[in-house]
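Reader: Could you walk me through how two chains meet, and show me how each term earns its name?

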2 protein chains.
Amino acid sequence: MTAKTEGMSEEELNARHAEKMKKKKAARDKIMATKTIEKGLIIVNTGKGKGKSTAGFGMVFRSLGHGHKVGVVQFVKGRLDTGERLALERFSDLVTVKRMGEGFTWETQDRQRDIDAARQAWEAAKDMITSGEFRLVLCDELNIVLRYDYLPVEEVADFLKNEKPEDVHVVITGRNAKDELIEVADLVTEMEQVKHPFRSGVKPQEGIEF
Amino acid sequence: MTAKTEGMSEEELNARHAEKMKKKKAARDKIMATKTIEKGLIIVNTGKGKGKSTAGFGMVFRSLGHGHKVGVVQFVKGRLDTGERLALERFSDLVTVKRMGEGFTWETQDRQRDIDAARQAWEAAKDMITSGEFRLVLCDELNIVLRYDYLPVEEVADFLKNEKPEDVHVVITGRNAKDELIEVADLVTEMEQVKHPFRSGVKPQEGIEF
């Protein structure tokens, strides 16, 4: 309760609220009426915080809920993706998942193999995006392989800008999104870490991290 | 490629990379060995950017993938949640969804009804959290009703701190998370908006916003 509303009766508060919300709705409706464009978006989830892939997969499930066909390419195959994979099995009529990556760079310890895997994953992603089959394609952890220069970011940005079909949404996740990618994106969110339980010795847990 | 690696042959680059990653893996394994605690977390997704509810639902699907029972309470019933709702129907053996809210404040324009709805939703959420039935409970948009003081934040923080069973994860979403809630949370992520397509006249689209 603000200073302005202090001392008001419940009735006064309610009446004031109704008036305020009526105005808010009018303003909002006016704004929303100007939003008329429909188009496939390039969406980037980046930052050091949690939720980049989680929100990416959330969008995949949202799209699957509508009965859209969805493609998923994993650029970095983690051990920690079992939950998503198992949940996607219930949508095997709608979703195609390609687990192309070779695990984190510090697991493979093999640069050339990582580069080859990144290239293969990117070719698979391009095929999905241009196939006409999918409404949404998730390129999970693509930012990681771009960051290590395993794929030229110019090539990726150029493809998204010039060759992505108009009606396909592409979602790209991973920390350290490069500027060239942010430049061509329509929707970019930075997940910032405010508090993280690993710091107090909590381990990765089923259903939370994987 | 950094200045340091310029002029190196591919072989030299690969050898250098392998050495570096070996060290990284050793350091990482050492850190991860100290993470031994398992416990139900209080997770807050806040900020003005996209992905708060999307990541919350992503975590719900991840948990469902593992076969966990999950509860969902929607504190603000939007029109824009069809995708999640339809996708959750494929998990009706595991998930319980309570759509308690009455729509956005500017839609209802009725403060007392909003307050009653918030109270009912919170009672439902508490029942789910203490029932022993659910591994994870999503309180979607709880921050919104706390922000409007429709529920006392002290009551919510106190419950989470003292009455939440040790093994239950609670995920809370919505912008403007209050300090009292952040205080009791284990994992807090702020979704920051870097770029948003509404600004260029793009309307909310199926599979993306709802």
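Author: Here are some questions about the interface, each answered against its definition. This is a predicted model, where local features need pLDDT of at least 70, side-chain atom pairs count only at pLDDT 80 or more, and totals for chains, interfaces and linings use all residues. Residues are numbered from 1 along each chain as written, chains are lettered from A and ligands numbered from 1 in the order written, and side-chain values use heavy atoms, without hydrogens and water.

Reader: What makes a residue part of the contact, and how many does each chain give?

Author: Contact means heavy atoms within 4.5 Å. By that rule, chain A gives 84 residues and chain B gives 84 residues. The buried area (accessible area, 1.4 Å probe, that two parts lose on being put together, summed over both) is about 7600 Å², with 57% from carbon and sulfur atoms.

Reader: Why is the pair A:Arg62 and B:Glu84 called a salt bridge?

Author: The name asks for a side-chain nitrogen of Lys or Arg within 4 Å of a carboxyl oxygen of Asp or Glu. The closest N and O atoms of A:Arg62 and B:Glu84 are 2.4 Å apart, so the pair qualifies. Likewise, A:Arg111 and B:Glu10 have their closest N and O atoms 3.2 Å apart, so they form a salt bridge too. Across the interface of chain A and chain B there are 8 salt bridges, while the whole structure has 22 over all chains.

Reader: How do you know that E6(A) pairs with strand E6 of chain B?

Author: Strands (E, at least two residues) are DSSP runs, numbered from the N terminus. Two strands pair if DSSP finds at least two bridges between them. Here 7 bridges join E6(A) to strand E6 (residues 187–195) of chain B, so the strands pair, and they run antiparallel. One of the bridge partnerships links A:Thr189 with B:Gln193 in E6(B).

Reader: What makes the relation of chain A to chain B that of a two-fold axis?

Author: Copies are superposed by least squares on the C-alpha atoms of residues with pLDDT of at least 70 in both. A turn of 180° and a shift of 0.0 Å along the axis lay chain A on chain B with an RMSD of 0.0 Å. That is why the relation is that of a two-fold axis. The same surface serves both copies, as 100% of the contact residues of chain A recur in chain B.

Conventions. Helices (H or I, at least four residues) and strands (E, at least two) are DSSP runs, numbered from the N terminus.
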